[in-house]
Every structure is written in structure tokens, then in C-alpha cells.
2 protein chains.
Amino acid sequence: MTTKKTMITFEPVGLRVEADAGRTILDAAREAGIAITSVCGGGGTCGKCKVRIMRGEVREVSGADCLSHEEKAQGICLACRTRPMGDALTVYIPPESLAVRQQLQVECNHVLSAPDNDLHVVRLNPALPTLEDLRDDATRVRQHVESILGREIVLPFALLRNLSNELRTAGWDTSAVVLRGRLTAVLPPERRPFGLAVDMGTTKVAAYLVDLQEGRVVDSEGNVNGQTAYGEDVITRMGHANESFAQAEKLRQALCDTINSLIKILGARNGLVQEQWVDAVLVGNTAIHHLFAGLPVRQLGMAPYVPAVSAPLVLEAGAIGLAIHPAASVYLPSILAGYVGCDHVAALTAEKLYAAGDTVMLCDIGTNTEITLRHNGQMCCCSCASGPAFEGAHIRQGMRASPGAVDHVIIRDGVIRCSSIEQAPPVGICGSGVLDALAQFLQQGMLTKPGGLDGAHDLVEMLGKERAVCLNRDAPLFITQSDVSVIQLAKGAIRAGIDILLEHAGITYQEVDRFILAGAFGTYIDPVSAATIGMIPPWPSTRVVQVGNAAGRGAVQMLLSDSTRLRALNLGDQMNYVELTAYPKFHQKLARAMLFG
Amino acid sequence: MTTKKTMITFEPVGLRVEADAGRTILDAAREAGIAITSVCGGGGTCGKCKVRIMRGEVREVSGADCLSHEEKAQGICLACRTRPMGDALTVYIPPESLAVRQQLQVECNHVLSAPDNDLHVVRLNPALPTLEDLRDDATRVRQHVESILGREIVLPFALLRNLSNELRTAGWDTSAVVLRGRLTAVLPPERRPFGLAVDMGTTKVAAYLVDLQEGRVVDSEGNVNGQTAYGEDVITRMGHANESFAQAEKLRQALCDTINSLIKILGARNGLVQEQWVDAVLVGNTAIHHLFAGLPVRQLGMAPYVPAVSAPLVLEAGAIGLAIHPAASVYLPSILAGYVGCDHVAALTAEKLYAAGDTVMLCDIGTNTEITLRHNGQMCCCSCASGPAFEGAHIRQGMRASPGAVDHVIIRDGVIRCSSIEQAPPVGICGSGVLDALAQFLQQGMLTKPGGLDGAHDLVEMLGKERAVCLNRDAPLFITQSDVSVIQLAKGAIRAGIDILLEHAGITYQEVDRFILAGAFGTYIDPVSAATIGMIPPWPSTRVVQVGNAAGRGAVQMLLSDSTRLRALNLGDQMNYVELTAYPKFHQKLARAMLFG
């Protein structure tokens, strides 16, 4: 009797393992090198190893008493009490159950600048109501603040929902936060106002705590976008959202929960109460932006892929469920096109492309890759469906950039050497590792220009029915022919975008003075490897600049500066969007771009 | 062995009966003359006789399978399957379980007027998006409508949440509703826009369906305010709301549910879809206004009783859970004082008090009674805590004006004759009936000026330990000495308000040219009886005008006319609020006002 095996896919790390029916999900995860939290050591009592079953069947062992009815109804179970059934299972590990968090690029390198956000903080101690002075609380406060500031202000309705209680609890001595002529918060005098900037990536979400008075990033934190549980890519998620309003709301809530968990961490670490967060700027690609705002996405999935709205949105935190001051404004900058979102606008703003005098290209690599070229004061942009391969998806042993992921590969004297993140024992391969490996394969003559692994080469072996290269023997890690093809598609999509923008502007790659690689993946990859496999043209490495999370930086700048918001808004007028799929001979160009080297 | 008895109070009708432990709640209600719906005749199968247990204990008989877990958790049970336990029980009968609805004054007598609400309805068929014209949906629609109207418009965010889908479902051929420069709705071309006006009374809620293009009331419907389940008067309800945000939200939801049930009835009866309701005006007293808007009420219950906000509010229907178009504006007019709300503003507006050339007093009698006096172009107003006695509360056999309530009483030749609403067998006494009875008692010498029933009179008998008069022997109906005292307090509060406003203006009652009685109760009472017991000064009946629901009428007018909204807003500047409890010698004046005759 052979033991029945189940293929378990762990999300959001994106790692797959085969597990015996007799093993628990916790065991399987550990074998795959994923560190799920477990305090009781699998005894079913600590409740720390909660996971959600997304697809497939399981059987539960008694002892899961630490789960609520609500959790059970949502498919949540204890990894240590649950065993796989059937052939395949997809298990989502929520961030709080992960002992080691993913490597998330949140550093922001923000240069201190004098804020230009029209912020005024004034002491509020108006005359108390009496029978002779029966003004309502809103009028009393408004007139008092107006007399101090010497200008008219407005009180948002959301503030009024608690203002009367706040004033009386504080004995009518408080601190009024007026932002852009709007009384946003009434705080105890010792509490200062802060802002929230968020880069909502398809896969990762980065949040920044910003001091609105001093103009600097105080702290930052990142986590996996909770929507990942509904699909790796935005197309799958939009499909879910199109099913019903309720389903769309679930996706909205998943992202909102992720952001709120980051707010909670940042707030706790810096001793803030919810009311101190008085302003926010959120950026993301068009699909994520729409899903977050509760806007319809059906038309984003159909040609010609138009947004529901592209103008900047100013929402109220309380209305959209963001756990900051309910009266805080939440600003989402303008969108350039269906697949060029306000995250790209933020990145362009951070890199000041609107003012660049040279010829410069900015490329933000992600599940979707946006590219903008500025030449002779003109700008054009495009969007490439690069897919989630660089995040480790659809790669046999691919995974995200978490501890234990192989991130760099080198072949010397016929020996393959790998380094892994945090020097942890290798358990999978992340995007930068695959890129390095392919560049090395090419240089070693193991990989042909059209993308075939050379069966005659010593390092190429057979893994089942396909050719593969073993990177590591201890915990066997392979890159297969299929993996090569997946990466080929992804890098080809990006290269086609670069080539078409250059052609559209009538210039050659040599004429580009600077090539800016933005985004987490763009920071970790080796630009030489990227050029070697032909993902980018053969620019000398001096022309390639890796700038990290420019989108997050742009969001912070828009939080601190109204003139930056205006510049970001004006970007749209200068921009020429190029729809790649409609570009002449697109498919021939894509085919050529897919060649290696 | 004596059978155990339970005193059951049925809300919101406000009727009490004693029931055997062996009888069901349905039986007890029927014996009390309350018609609870029951299709299966008490078999526990039709699920029509749902009631909610507010206080006290019950035991349930099996068969209540038609109840959901959620309903059971809320204390909902089937009246036919449930029997009382203990000494006292309070049962709330939701409107949908009442076979006969309460007599609710909703007629509005609205005179057709040319609307002045800045409404434009235009055919919307813009050019479709193509690769050459990639404008987002919001911009495309806005520019198209602006080109037709020749003016700028704004698109509310709430509209955008479904606009893209609506346009594509309709094949881009729709009807755009632009209200006050705001694209509020996109409807199928054959569907016209309508508005909602609501008078949110403490006890009763009246809703009006208004044709915004033709300027007329199409239909109306009324029901009991669902908040009644949390207390008859606003003080009790505010106490509940002060407990917690969650509790306040329950009260908010209860009223919202009531309004939504009326919207549903009106919509179904007139073949409307939810999106056709594109505008709303809601009026109510300050407490109800605050509870509905989710504003804090704690400061309304503490001297000097100031509102959280008195300026007009413009909310969005979707944000507050009103079941009309989510992008529709919901207008709540300005408030005059803590206990003089926008319902009084609406009544004053409907009666055009702002333009009156004579000396006129408007009195809106309810659980709270608001009075305004206009004399020599000056206006002053006050608020009287008249209490819910006129609604039948705290009266031994009191009830609201439902079928079977005694509404008129006359004594001739020593014989008491009663008439009841809809000529149904008498089951209780409503406000106008009590008022008539007391006036008759006074005229017959059965009641003294200080308020004592004369034990020597033939018609006065002993009921238990107190004096009482039997109005009806078949189903015994009594008015007791305690009932007299309760009414005395209520009528005294109103009369004190009238007297103080007259004194404040330096005039006598003879100088009042018109006395306008507004509100449901004010319409049904006999003004002669009111003058007889001294609730109002001895004005000749020619000077007393009964105008019905002026507040509802004012709401309709504000829905149809922006200039009326402006006039209502300006009322506040002309108004002088008089706080009765702070008025010199208030308690002496109240004591005098409580005397009969």
C-alpha cells in the first residue's frame, strides 16, 4: 500500500510541497521550510498556527477548541490539527501565523523637507456653553478656531460624530488640527498629528508613518497584501470581484485589513492613538486602486481597459474603513491608464520625471510592470503583463523573497554556488535568484538563445520528463525547462515594452541617459544579469539606477506637500499612453524580445 | 390554585393586558383588541406573528422553525408559540406583524408648485471608449453632460461605484439626473426621478413620495418609529444611546429601518426602483435628528442642552443606510435649539411664519411640544416637555390612535357616550378621547379646578383604591384619578409655554390673531375641549387653525424648492429661543398652568 500524497500550495509565500496524508499541515509547512508560529508545539492549544483552507479538502483532528464559530465558517483551522485529503490543497497562511515575515522593501530614504501641507495645530479652549450662549458645539468650535487662524474653516461631518464628547471629556481644553482648511481632529494637547502613506502593491503593502509637522518618515512596516488569498495576479482578483458586490467587498476588506494591521503595528510601536493619524495618501496600480475604493473593475478587464475614474479621489477614512481618524482625508492620486496606476504616478513624482532635462526611462517591475520614457520634454508610458513569475509563482520551486529563498546564483569552474536570504537553509528560489541562474546558464552555454536547456551540458540533467539544472543537492532545488519558459515570457513582456517606447519616441537605447529601476524586485536584481538575459537593453551598469520603493516615496511626498500633489496631477496632461497590444507588429516584437541575450 | 397572571405591555401600541400563564401572547394580544397577523391561525407555521420580547421571561412551545438563528438571538419569537412567565412582560410588535396599521396622519394637502430645485434630466449617450479615446468613464460622462447643459457638474463618488456597470448594462443609452449641479443618478431612459420627504416623529414616521419634476406629492405612508422599542420618549432613548456607540447605532438603525420600510412600500406601490429616489429631506426634533445622523446626544441631556450641530446637514444616502439611490443627498434642515428641531423649522416654513404680518402662534404638539410666537416681525420659540401622555402612555387604559381607541367622549343627561376609531369595539383610550373626557368631567362638575375627581358625583366610582370614571361598561374602560394627574402635567407644560411666550413678547392672548395647531394630535383634538381644560387660552374657535402635519409639508416644500430651504435656514437668525426652565418664576407659572379651566 502506497501512502497517499497531497500537493499543498502554501500562500502567500507561493511554495508547493507534497505531503503524506498522515502528516499535519504544520508538519508539511515545516518540511517546506515555512515557519508557521506554534507556541504549544502542535498540541492544538495555543491557537497560533491558524491557517485558511482556500481550495481542497482536509480532515480535522479534535482539539481545535480555540477557534470561534466565525473562524470555522471562514475555513480557518489549526495547522497542527489538520491533515490534507485529496490530490491538491491550497492553504493560506495569514501574516500573524508566520513566524518570520517576508522580506518586504519598505525603506524609504526620505529626505527631510519643509512640509507644504497647509497644516495648523492650535490650542482650542473656547468659552463654555451657558444659557446666555447656546451656540451648538460645531459653531462654537468653528468660530473659536477661525478667530485664531483668521480664516474660514470647515468641520467635516465625521468629526462631529464625536466632537461633543471629546470636548467635554477633555474639559474643553484640546488641540485642534486644521488641515487644508478642514478641522480634521481634536486631540488632547499633548498628542501630535501624523500621516499615513501606503504603497498598495499587488503582492506587498508598505506603510509609512509620517510626521506631518517635521516632514519626515518616522517608521515603516510592510506585509503581504491580504488579497493574495484571492489570487496572485490582479486579473484573477478582478474575476472574483466581478462575481458580486459581496465578493468585491471581501477583496476590498482583505486589503483594508492588511493596511489596518500595519497601522496597528506602527501605532503601537510609536505610542499613537487612532485619532492622531489625520491624513493619508494611498497609491497602487489601477486594479488595486479600484478594488480598494470599491469601484467597478469589470471594464478594466475588457478592451479598451478604461478606468471607472482617473481623477484623484479624496475619500474619508471612516467611510472606507481605514483605522485612522474617521474624519481624515484619504487621497488617492490620479491614474494614467487602465494599467498605469497612481503608484506609477507616485514613482514618477518621487524621481521628479516631470522636471528631467535628460532622456530617462523609469521601470517599475512587479506583477504588472509600468514603464515611462521621458525624451525631449515629452513623456510616454506603457504597461507590460510581466506576471507574477518574479515573485516565484509558476516556478517549480519558486517562492517569494523570504528567508531561505535562493537570491543569487553563480557558476564558477563548473560548480553552482547559491546564496540564500538571511543565509537560511535554501528552501526555494526567488525572482532575483532565477534571473541570476539564467544569466549564468547563458554564459556557460547551458541555455540557448531561443530558450532551450542544452541536454548535452554536464550540469543539465533530466528531472522526470524534462530537462533541469540542480542548483543545490542537499535540499534538492531545480530550475526546469518549464521554469525557463515562464521567465522568458515575463522578461520578454518587459523588454517589448522598453523597445516599443523607444521606437515610439524614435530613439535607440543608446540615447537613454538614465534607466531607473524602481520597486522591490528592481532593487534586488543584478542589472548585469538582467542585461545578460536581455530583459533590458545592454546598457552599461553606470546608466542603470536602482531606486527602491519610489512609489512609496512619492506617496510620502504627496502627504507632505500640496505642490507635489499638483505636480503629480499635471503629469497626466503631459503623458502619452501607448497601448502595447494595439501597437503595430506587437507580437513580432514580443517574440523577438523573448529571445535570451 | 389560582392561575398565575402576567401583565403584558404591548409596544408600540402602548396597551397593557393581564394574561394567564396558559395563554399565548397571540391570544393575549387578541383579547386586548390588537390584531396581530396570523395566517395559519396559531399553528406556528406561517411565521407571520413574529414579535420581540423586550423585557421579561417567556417559555416557547416547539414549532418555531420558521425563525432564523439571528432572529432568535434578537429575542424574536412567534406570538402563537410563546407563553408569558413571571409578573411582567414587554412585547414589541413590529409593523409587519400588525394586521391593522396605526392611524397615522400622513396626508399632506400639498399644493402643486413649480419646482425650484435645479433639476435637469438629460439623455446620456456619449461616444464609446476606443483605443483612440481612452478617457475614464467618469470624465467621459461628465464632459458629455457638461456639453449638453453648458455648465460644470460634479460626479459624487458614490455614483462612480456603479456607473461603469450601469452604462455598459444599458448599452451607453441612459438618462442622467443632475440635481444642484451634481450628477446624482443614471437611470434607464424610461425611469423618472423622485424624491423622499420624511417627518421623523418621536412616535410616528411619515414618508412622502414626491414627483421632483411635476412638484407634487404622489403617495404617502406612515408607521410607528422603530425606536419606540427603546423607550416612549427621547430622554429614555438618549439614555440608551449614551451607553455605547453600539447601542447608539442600534437606535439609529431602528429609525433607519422604519424609514426604509416606508420607502419599500411606497416604491412597490408606485413601481419604482431604488435608484429612482434621487433626493431626500428629513425633519425631526433635535434628539431624533441627532440619533438618526449618528451624532452624540449626551450634551442634549445636560444643561444648557446644546446641539452637537445646528447647521443644515447634507449627508449621502448610501453612507447613512437609507435605501434610496446611494448617491442621493439627504438634507436635514437647521435646528433652532436643543429641543426645537428641524421639524419645527419645517412646520414654520410650511405655514410661512417668516412672512406673517399678523400676530400668530404655531404649536406642534407631540411627546415634545414646540411653540413659536411671531409678533411685530419678531419671533420667539420654546419647547415644552409635554410627555407621551397624549399618545396614551402612562394612562391606565391609554393607547395610541389605533382602531378601537376611544377618540371622542360626550356626557349628556348623565350618560357617557364614546366613539372609537373606525367604530371598532373600544379597547382603550387615545389622547383626544382623554382630553374630551376631562373637558366633559369639568363641565359636569365631576372634576375640580385643582384636578380632583369629585367622589360625591354619581359617575365617579372607586376602582381599587382610587377614584375613577367608567367610560364604557361592556369592555370596561376607566379614567382614573392618576390618569387625570398625568394629563394635567402634560397640558400644564404646554399652557406654561404659551403663557411665557406671550409674556416674553409683552402681549396678552387676546392679541394673538391666529393660533395654529400642527401635528397629528393637534389635528384630532377638539380645540374647544383643549380650551375648556385650559391647555390653551380661551381663544374663540375661529382663531384656532388645525393644519395637520405641517412639518411633513415643510419637508416636501424644501425638497421641491431651494429658495424654501434658504428661507428655512434664515429662520434661525430671526428667532429668539426662550429656555422655559430658566425663565423667571417658571415653576409658579407651571403650577398655575396646571389648573383645569
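Domain bounds here come from an automatic or database domain assignment. This is a predicted model: local features need pLDDT of at least 70, side-chain atom pairs count only at pLDDT 80 or more, and totals for chains, interfaces and linings use all residues. Residues are numbered from 1 along each chain as its sequence is written, and chains are lettered from A in the order in which they are written.

**Exercise 1. Place domain 1 of chain A against domain 4 of chain A.**

Step 1. Take the bounds. Domain 1 of chain A spans 5–97 and domain 4 spans 350–597.
Step 2. Their C-alpha centres lie 34 Å apart.
Step 3. List the contact (C-beta atoms, placed from the backbone, within 7 Å). Domain 1 of chain A gives five residues and domain 4 of chain A gives eleven.

**Exercise 2. Describe the side of chain B that touches chain A.**

Step 1. Count. 35 residues of chain B are in contact with 35 residues of chain A.
Step 2. Assign elements (DSSP runs numbered from the N terminus; helices are H or I, at least four residues, and strands are E, at least two). Helix H3 (137–149), helix H4 (157–169) and strand E15 (313–316) of chain B each give two or more residues. H4(B) has the largest share, eight residues.

**Exercise 3. Relate chain B to chain A.**

Step 1. Superpose by least squares on the C-alpha atoms of residues with pLDDT of at least 70 in both copies. A rotation of 180 degrees with 0.0 Å of shift along its axis does it, at RMSD 0.2 Å.
Step 2. The two copies are therefore related as by a two-fold rotation axis.
Step 3. Find the axis in chain B. The C-alpha of Ala319(B) is nearest, 3.6 Å from it.
Step 4. Compare surfaces. 100% of the interface residues of chain B are also interface residues in chain A, so the copies meet through the same surface.

Technical notes. Contact = placed C-beta atoms within 7 Å.
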